[in-house]
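Let's take a friendly walk through a few local features of this model. Keep the viewer open as you read.

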Amino acid sequence: MSTQLVALDKNIHKNIRIKTKNRYDHAKDQNLVSIQAHEFIASGTSYPIVFVKNNETAEFMPTAMLGLLPGENLFYTNSAWSEEYVPSTIRLHPFSAHKNSNNEIVVCIDANSEAITQDSGNLLFDDMGQQTAYLNQIVDKLSDHIAQSSTTKEFINYLVEKQLISPYSLTIQDKNVSQGSYSLKGIYIVDQKKLQALSDHEFLELRHKYYLPLIYAHLLSLNIIERMASQKLKNQVTQL
Amino acid sequence: MSDLVKKVLIVGGGTAGWLTAAKLAKELNSKDPSAVQVTLIESPDIPIIGVGEGTWPTMRTTLQKVGIDESEFMRSCNASFKQGSRFVNWRFTPKNGVDNYYHNHFTSLQNPEQFNLAPYWSLGYAGSISYAEAVSIQGTVSEHGLAPKKITTAQYEGIQNYAYHLDAGKFADFLKKHCIEKLGVTHLFGNITDVVKDDYGYITSVNTDSQGNIEAEFYVDCSGFSALLIGKALGVPFKSINDKLFVDHAIAIQVPYKDEENDPVASQTISTAQRAGWIWDIGLTNRRGTGHVYSSRYMDHDEAEKILRNYIGPGADQLNAKRIKMNIGWRERFWEKNCVAVGMSAAFIEPLEASAIFLIEAAGNMLSDQFPRNRAAMQKVQDKFNRSFLYRWDKSVEFIKMHYFLSRRDDGEFWTDNRKVESVPTALLERLEHWKMHPPSRYDFDNLFEPFPLESYQFILFGLDFPMNLENNRTSFHMADIAKMHFQKIQALKEGIKTELPTHRALLNKLKNYSFQSI
């Protein structure tokens, strides 16, 4: 079902609840999820972190790969998420935060989400129309998340300015596709050759800006792609 | 005594002047004070011609090589994407108000120099569709008002091959800014009063009304039809070719959109044939550029203007028209001693295939590649350059003449006279004679600097229903299975592309706020 973003309103949404069971069902077919800079360390040991162009603006966005093909999430089976760290936007669904034209942060909810129920689950507003503890927690997490967006943007702008990003070409073997393999498209990574070619002064800048952990968390995470591909192959073999 | 070239003076600040300045300054590394310096002088009083708004796909490489950001260029010059040309009513005179068309696309899916689909199309293996529809999906893309790329495509790359439509005035200003700020070009305003030559006939300096005397060792004449250096100072004669190409005037009118945000932008140059010429229609982001190119031997100026205003439709009477006299032909030599002419000072044929700006780029490429550092070198490069560009202009005339010669329009003497063999270059007659029974091949295009390649000829040839008959030779085209496979693949791609590409207008609107990445 498509997304329908609306601003959270204590009158319109007085009685809705957010279900507590199978909280990540909405992401079962999601193969890419945007992450912020402060999520790199937690995500990097579970998911490949790559850069993908935003379809509307062409800006690079740091992205955790949940699958190798569109519509595929290899980390959510039988309503259970297999990794310890769940990326922030998935955990916070159906909530998100956006800046309006006055630069104020508005909490939004996806009105079409299956996570919204009328019977059981967490309420958002109490009898007096005040935010519940549950919603307060969500709002705090959303504020953190949005505060990070400028840091993340600066990090991306720096990488682009220093021309450290290159397209990533990788072919994955897969018996289930027509040619026995396919290549990942639209994926970009930090180019290690260009990283090495930075002057001492520029490299020190990376340290001062706290970009080194982000870059290395990203580079190390790329190994996980192979792990995902061989896991898929193994699953295909056992299904024979 | 050293006659080492230390300074180049370019005369003229239109497209020719600034493109050449950019190319030279970049190649010669003029930012470095010890390198050859490039100075451009332009008149503060004489306006640029300001109507050349169509380019070729080569412009992408040209801009990229001089360090220009594609998105910035497009925003500054109200530029849009050009995916070839649509020729309306060239095949024959329209009857009962029904128009006829053919197209010259920029992208063919199969390179004819490796495996030519044309003979297989001619023998019927693609069904009854036109040649352009059989070998390219670009017609579908343009018809549906789609762009040749997405915002996520890297700059200068395309999902379909493309060139630009651009605002001529803004383009000159944009290039000027880039040349001065990033490439180390010196800019002067002034009018040249006279040219000083030495005993050997080489230009040593020019006198101006406001900048005194300017010395340089090499000169580039980009002064347009005035040809101040190559024509007036050095006396190189001009050879008219109006016996072959009859058009000699153009009337240009700029047309605003009703809705600048939402009106669709045409993704091809539309060229509509008329009784004694044709009308160009180019879509930019904020307006259209239209013009009626005609021959005053067959039509008077007032009627030509009326026809253009009629084409534009209601509201045309509010718009200003500009009339331009075109000198169709070229200098007998483009490079004379220490001066080379680039742009209209060198040659002009007519804008039917947007070749003028392309030939400016080509001249800049050869000049900067072969740039002579002293007089001995100049003498060697001069002949090479003249030979090469004479060939290019010759072939350009041939290609354009073909559009008129193969047309079957019968609504006036302009068209019937265009088919008289005395008005046709012999080389074209010979090629066409051969192609009656044998498809064009790469052996017909064996010059590295052929301006119009094999496939361009094929689009025009078969678009104009040229009667190539290969029946007697059918057995030698025995790879029909492979050809059919290509044809099917091309048709299959047409469906998918409709959902993959954004509309032209949508992408141009996005470009106002966002940019293509460089990768």
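## Strand β16 of chain B and its partners

B:Trp278 stands opposite B:Val293 in β16(B). That pair belongs to a stretch where strand β15 (residues 277–283) of chain B and β16(B) are matched antiparallel over seven bridges. The two strands make a hairpin, with three residues between β15(B) and β16(B). Please keep in mind throughout that this is a predicted model.

Strand β13 (residues 249–256) of chain B also pairs with β16(B), again in the antiparallel sense, and here there are eight bridges. If you would like a register marker for this pairing, look for B:Ile253, which sits opposite B:Thr290 in β16(B). How much of strand β16 (residues 287–294) of chain B is covered? Seven of its eight residues are buried, so the description "mostly covered" fits β16(B), given that buried means under 20% relative accessible area.

## Strands β4 and β5 of chain B

Another antiparallel pair in chain B consists of strand β4 (residues 84–88) and β5(B), joined by five bridges. Here B:Ser85 faces B:Asn104 in β5(B). Strand β5 (residues 101–105) of chain B is mostly covered too, with four of its five residues buried.

In general, strands of a sheet pair through backbone hydrogen bonds, in either a parallel or an antiparallel sense.

## A three-stranded sheet in chain A

Over in chain A, there is an open sheet of three strands in the order β1-β9-β8, with antiparallel pairing. Its edge strands are β1 (5–7) and β8 (95–99) of chain A, each of which pairs on one side only. From one strand to the next, the twist averages 40 degrees.

Between β8(A) and strand β9 (residues 105–110) of chain A there are five bridges, and these strands run antiparallel. A:Ser96 is placed opposite A:Cys108 in β9(A). Helix α3 (residues 133–161) of chain A packs on the sheet, where it touches β8 and β9 of chain A. The direction of α3 makes about 50 degrees with that of β8(A).

## Two packed helices in chain B

How are helices α1 and α10 of chain B arranged, and at what angle do they pack? Helix α1 (residues 15–28) of chain B and helix α10 (residues 355–369) of chain B meet at about 30 degrees, and their axes lie 9 Å apart. Because of that angle, α1(B) is roughly parallel to α10(B). Their crossing is right-handed.

On the α1(B) side, the contact includes B:Leu19, B:Lys23 and B:Glu27, while the α10(B) side includes B:Ile360, B:Glu361 and B:Leu367. Taken together, the residues of this contact divide into six nonpolar, five polar and three charged.

## Two buried side-chain carriers in chain B

B:Arg409 is found in the loop between α11 (375–405) and α12 (413–418) of chain B. Is B:Arg409 buried or exposed? With a relative accessible area of 4%, B:Arg409 is buried. Leaving aside neighbours within four places in sequence, its contacts include B:Trp90, B:Arg91, B:Phe92, B:Arg275 and B:Trp415. The C-alpha atoms of B:Arg409 and B:Ile460 are separated by 15 Å, and these residues are 51 residues apart along the chain.

B:His486 is located in helix α15 (residues 480–500) of chain B. Its relative accessible area is 13%, so B:His486 counts as buried. Leaving aside neighbours within four places in sequence, B:His486 is in contact with B:Gln110, B:Phe115 and B:Leu117.

Terms used: Residues numbered from 1 in each chain as written. Chains lettered and ligands numbered in written order. Predicted model: local features only at pLDDT ≥ 70, side-chain atom pairs only at ≥ 80, totals over all residues. Heavy atoms only, no water. Axes fitted to C-alpha atoms, helices over the stretch in contact; angles between N-to-C directions. Parallel < 35°, antiparallel > 145°, perpendicular 65-115°, else oblique. Left-handed = near helix turned anticlockwise from the far one by under 90°. Contact = heavy atoms within 4.5 Å. Nonpolar A, V, L, I, M, F, W, Y, C, P; charged D, E, K, R; others polar. Buried < 20%, exposed > 50% of the residue type's maximum accessible area, 1.4 Å probe, protein only. Pairing = 2+ DSSP bridges.
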